[in-house]
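Biologist: I am new to this structure. Please take me through the terms used for it, one at a time.

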Amino acid sequence: MDVERLSGWTRRWSLARQMLTLQIVVVGFTVAGGAALTFLQTRDLLVEEAAGKARAVTVTVADSPSVLAALGDSATLQPYAERVRRETGVDFVTIMSTGGLRYTHPNPAQIGRRFLGTTAPALEGRTFTETYTGTLGSSVRAVAPVRDAGGRVRGLVSAGITVERIGARLRGQVAGAVLVGLLGLGLGGAGTSLVGRRLRRQTRGMGPGELRRMYDYHDAILHAVREGLLLVDEAGRLTLCNDGARELLGLSGRADGRHITELGLPASLSGLLATGENRTDEIHLTGERTLVVNVAVVRSGDRSLGTVVTLRDHTELQSLAGQLDAERGFADSLRAAAHESANRLHTVITLVELGRAEQAVAFATAELRAAQQLTDRVMGAVREPVLAALLLGKSAEAAERGVELVISPDSELDDIGLDDRDLVTILGNLIDNAVDAAVSGVPPAWVEVRLRVDETVFLVGVADSGPGLDAAVARDAFRRGWSTKGDGRGLGLAMVGQAVRRLGGTIDVGGGPGAVFTVRLPPREERVS
């Protein structure tokens, strides 16, 4: 139960708190392990040092001629042994007979008693060290033989250092190591705390579970939404691109981390993303789509962190809007025609009432003949219903603006298999642009439309009586923002260019007296879908 309660607590902890606790535990174990290792190594070193020192003192005393000469004389050997003990820092120097009877000892009461320890190796002529418990307690000692001139063992010498003394030195050194370890633990804990505070700020105090859920939601949303989403950093590099954006922009391969100028986007769209400015519902064209683009700058205080870009597909809506404009234009022309017909009918009735029947008949037939000629010309040359309605509507609109829209005598067009939306986009925008140009030109203002199928190529030609376009202007005519009005909001010709490219056709701009736009589209089976 305690383990479960502890597990529940840790799950509720923030990631920063868990990291802090983990790092403190790791640093604590590291310091404790280092202190234990230092203790063991220091103990072994001190024991080795004590053994070496005892051996050196023992051998030196055993090799002294004065010791050999005074063997058995405690009165002479005791002061000598004590002086050596004090000067060398060992705890005892014992000189004894081969039978183990002491001649010297730090405690005079022990003189004459038997030595406690191993002597057999020394009696055989070997010097050795051991740890043994004697009258002074456990000690690290060495035992060496005293030899005469003939090499015979005449006595023994033992010197040693007590384990208690070694332990005192060990405790002093370990205390220093522990102090350094505690200082390291404190510094490590302080550093870990600083790192934890920073991590807490960056993770908003959330735990691993919350971060995992947030990532899962974030990833699911990015893949679920149809709209495109881009994150661009302050250096102009793409840091995030969801599936919707890849589809709308036609991106292939890995796009994250690349600069926006390396993505192959249209110049207008790349320029917008590079500005790092807020934009709302701007229309931009790609190879096959019309996109609504929104750009929002993300800031932290006064520092820009980059931009968030959203993309919405406006292609279908733009096409439907074009068709709706054509239908609205046709309806407006019908209303205008009805209004004019009412005026003409009143005129005819008035002439009849005035007794001018012949003038009334002539007026009515003349107006009827002009309207019927236009309708017959359009319906006779163009048997595509949508295209015929578009031409009649545009003709009425042009007439209201003082521009005559005519169909070229060689125009003849049947069903060409072109999508109605593409048809309205290409021809409708070309006529609108031509009417605007004709209005700004020298009267009489006119626009001529030529529609034919030459061999296997569908040809659309629109000429106007306007001022025309020079070569430099013609190159920019199909760029977003170009307009005959010069207001920077032009989109119609850019949409024409987009539709023509999508269908695998070409578009040329020539002169005439005004401008002449010629579109050529390949047969249906050769078109790029």
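Biologist: What is the accessible surface of the protein, and how much of it belongs to carbon and sulfur atoms?

Modeller: The surface comes to about 29000 Å², and 56% of that belongs to carbon and sulfur atoms. Accessible areas come from the Shrake-Rupley method with a 1.4 Å probe, and for residues only the protein chains shown count as cover. This is a predicted model: local features need pLDDT of at least 70, side-chain atom pairs count only at pLDDT 80 or more, and totals for chains, interfaces and linings use all residues. Residues are numbered from 1 along each chain as its sequence is written, and side-chain values use heavy atoms, with hydrogens and water left out.

Biologist: Why is Thr307 called buried or exposed?

Modeller: Buried means under 20% relative accessible area, exposed over 50%, and partly exposed in between (1.4 Å probe, protein chains only). Thr307 has 8% relative accessibility, so Thr307 counts as buried. In the protein, 38% of the 529 residues count as buried.

Biologist: Which residues is Thr307 in contact with, leaving aside its neighbours within four places in sequence?

Modeller: Contact means heavy atoms within 4.5 Å. Among the partners of Thr307 are Leu230, Val232, Gly276 and Val297. Thr307 itself lies in strand E9 (residues 303–313).

Biologist: What makes a stretch a helix or a strand, and how many of each are there in the protein?

Modeller: Both are DSSP runs, numbered from the N terminus: helices (H or I) need at least four residues, strands (E) at least two. The protein has 15 helices and 14 strands.

Biologist: How do you know that the span of H4 is close to what is expected?

Modeller: The expected span is 1.5 Å times one less than the number of residues. Helix H4 (residues 74–88) has 15 residues, for which 21 Å is expected, and reaches 20 Å from its first C-alpha to its last. Its buried residues include Leu77, Ala81 and Val84. Just after H4, Gly89 takes a positive phi of about 85 degrees.

Biologist: What makes E10 and E13 edge strands?

Modeller: Two strands pair if DSSP finds at least two bridges between them. The open sheet of five strands has the order E10-E11-E12-E14-E13, with mixed pairing. E10 (403–407) and E13 (506–511) each pair on one side only.

Biologist: How many bridges join E12 to E14?

Modeller: Six bridges join E12 (residues 457–464) to E14 (residues 515–521), and the two run antiparallel. Set against the requirement of at least two bridges, E12 and E14 are joined by six. Val462 stands opposite Phe517 in E14.
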